[in-house]
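Subject: Structure for you to look at

Hello,

I am handing over the structure we spoke about, with my notes below it. Please look at the coordinates first and then read on.

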Amino acid sequence: MARPRKIEGEIITVEKILNAARLEFAEQSHAARLEDIGKRCGLSRATILHHYESKNVLLNAVFEQAINTARARVLAAAQVNTDTDNYVETIRNIALALRE
């Protein structure tokens, strides 16, 4: 198999792959195929494998992105009420942030 061409805008490519993989894994679970992820983001299976050595590595990257997003939302929501001791409001803000 030939090595994929050098990709301009590699960060954008990784984001495209992660977004497509997140959607495909949400619909198909672990049965999602790299070919289907590629179709969704307009890239080949080889290009996906250039960035992620296997489907499991890609799945772990999707999980990591989701966890980091949730963590950032929780921290931002918790910091909204730093001037008060209103814990109920803080918990409410955290719950709302996680629903996004």
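What follows is a short account of the nonpolar core, one helix and one loop residue. Please keep in mind that this is a predicted model.

The core

The largest nonpolar core has 15 residues, and the members that touch the most others are Phe25, Ile37 and Leu58. Three helices each supply at least two residues of this core: H1 (10-28), H2 (34-41) and H4 (55-79). H1 gives the largest share, with five residues. As background, nonpolar side chains in soluble globular proteins tend to be buried together.

Leu58 is a convenient place to start looking. If neighbours within four places in sequence are left aside, Leu58 is in contact with Ile17, Leu18, Ala21 and Phe25, and also with Leu34, Ile37, Ile48 and Tyr52. Two of these partners, Phe25 and Ile37, are named above with Leu58 as touching the most other core members.

Helix H5

H5 covers residues 87-99. The helix has 13 residues and reaches 19 Å from its first C-alpha to its last, close to the 18 Å expected at 1.5 Å a residue. Which residues of H5 are buried? Thr90, Asn93, Ile94 and Ala97 are. These residues lie on the same side of H5, because they cover an arc of only 100° around the axis. What covers the buried residues of H5 includes H4, a helix that also supplies at least two residues of the core described above.

Val88, Ile91 and Arg99 are exposed on the other side of H5. Arg99 has a relative accessibility of 71%, over the 50% cut-off, and therefore counts as exposed. Between the C-alpha atoms of Arg99 and Ala70 the distance in space is 9.4 Å, while the two residues are 29 residues apart in sequence.

Ser29

The last item is a residue in the loop between H1 and H2, Ser29. What is the sign of phi at Ser29? Phi is positive there, at about 60°, although Ser29 is not a glycine. Is Ser29 buried, exposed or partly exposed? Its relative accessibility is 49%, under the 50% cut-off for exposed, so Ser29 counts as partly exposed. Along the chain Ser29 and Leu59 are 30 residues apart, and their C-alpha atoms are separated by 9.6 Å.

If you want to go through this in the viewer, I would take the core, then H5, then Ser29.

Regards

Methods:
Residues numbered from 1 in each chain as written. Predicted model: local features only at pLDDT ≥ 70, side-chain atom pairs only at ≥ 80, totals over all residues. Heavy atoms only, no water. Core = buried A, V, L, I, M, F, W, Y, C linked by side-chain atoms within 4.5 Å. Buried < 20%, exposed > 50% of the residue type's maximum accessible area, 1.4 Å probe, protein only. Helix = DSSP H or I, 4+ residues; strand = E, 2+ residues; numbered from the N terminus. Contact = heavy atoms within 4.5 Å. Expected span 1.5 Å × (residues − 1). Arc of directions from axis to C-beta.
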